[in-house]
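These are my notebook entries on a single chain. I set out to look up its main pocket, its helix packing and its aromatic pairs.

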Amino acid sequence: MTEKYSKEDQIDINLIKFLWSINPLIKSNKVTIPYLLRETVILRNLGEFELFQLSKYFHKRTYEKGEVIFKEGDFGIGFYIIVSGRVELYTERSGKKFHVTNLERRDYLGEIGLLEEGHKRSVSAVASEPLEMLGIFKPDLELMITEKPGLSSKFLQAMSELVVKKLHILAREIRKLKVENSDLNDEVNALNEEKEKNDQ
């Protein structure tokens, strides 16, 4: 005779896996995606189980030194978190390479590509040493919105905060450049005035 179980009696496999993953008595050398996400500052507002659910939409990948992650002008489709290693961002003009910045462990890149439709990368990204990253892509985000709307809302809020933070940094850099440019103009004007006096 086959016993019938109600929905409440069925085992929640995801919950069992989650409890297994956070059990301190179970030792494992494997560094899991939930563990890595837990170290990510922008996701600090998510609970342990939410990070475990979020990890299902992330992918882990390694890159060799010199391997290109994306090129300037490529369509942006993913957001990346650096687990280990270093990434160089650069741009090219008239065939000449210009270094933009280096990114290291726990830094992020590509958030606009995940949020904006049709976004094109403004810089190229290359692994400047052996690299490991977590990545989430547009199809993963769309699936999460369908399957876990509450979780996706919290994740998108974290992405928005990251974008706003970077906009503040960019605005500060622009103000600094404007001040430096103004000071430089004053110095050039002073030199021109002095030259005119000497020429008279």
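Entry 1, pocket lining. I looked up which element gives the most to the lining of the largest pocket, and found that H6 does, with 8 residues. I note here that the model is a predicted one. H6 spans residues 149-199. At least two lining residues each also come from strand S5 (96-103), strand S6 (108-109) and helix H4 (111-115).

Entry 2, pocket size and character. I recorded a volume of about 920 Å³ for the largest pocket. The lining consists of 26 residues, and those closest to the centre are Leu89, Tyr108, Glu111, Ser122 and Lys166. I then sorted the lining by class and obtained 14 nonpolar, 5 polar and 7 charged residues.

Entry 3, H5 against H6. I turned next to the packing of H6 with helix H5 (residues 138-147), where the axes come within 6 Å and cross at roughly 130 degrees. H5 is therefore oblique to H6. On the H5 side I listed Leu141, Met144, Ile145, Thr146 and Glu147, which meet Pro149, Leu151, Ser152, Phe155 and Leu156 of H6. By class, I entered 7 nonpolar, 2 polar and 1 charged residues for this contact of H5 with H6.

Entry 4, H3 against H6. How far apart are the axes of H3 and H6, and at what angle do these helices pack? I noted 11 Å between the axes and an angle of about 90 degrees, with H3 covering residues 48-55. An angle of 65 to 115 degrees counts as roughly perpendicular, and H3 and H6 are therefore placed in that class. Glu50, Gln53 and Leu54 of H3 make the contact with Leu151, Lys154 and Phe155 of H6. The residues of this contact of H3 with H6 are 3 nonpolar, 1 polar and 2 charged. I remark that Leu151 and Phe155 of H6 are listed in the contact with H3 and also in the contact with H5.

Entry 5, aromatic pairs. I counted 5 aromatic pairs. One of them is Phe49 with Phe52; the ring centres are 6.1 Å apart and the planes are at 15 degrees, so I entered the pair as stacked. Phe49 and Phe52 lie 3 residues apart in helix H3, which means that about one helical turn separates them.

Terms used
Residues are numbered from 1 along each chain as its sequence is written. This is a predicted model: local features need pLDDT of at least 70, side-chain atom pairs count only at pLDDT 80 or more; totals for chains, interfaces and linings use all residues. Side-chain values use heavy atoms; hydrogens and water are left out. Axes are lines fitted to C-alpha atoms, for helices over the stretch in contact, and angles run from 0 to 180 degrees between N-to-C directions. Angles under 35 degrees count as roughly parallel, over 145 as roughly antiparallel, 65 to 115 as roughly perpendicular and the rest as oblique. Contact means heavy atoms within 4.5 Å. Ala, Val, Leu, Ile, Met, Phe, Trp, Tyr, Cys and Pro count as nonpolar, Asp, Glu, Lys and Arg as charged, and the others, Gly among them, as polar. On a 1 Å grid over the protein atoms alone, a cavity is a set of points where a 1.4 Å probe fits but cannot get out, and a pocket is an open set with protein on both sides within 12 Å along at least five of seven lines; lining residues have an atom within 4 Å of a point. Grid points are joined across faces, edges and corners, and a volume is the space filled by probe spheres set on the points. Rings of Phe, Tyr and Trp (its six-membered ring) pair if their centres lie within 6.5 Å; planes under 30 degrees apart count as stacked, over 60 as edge-to-face and the rest as tilted.
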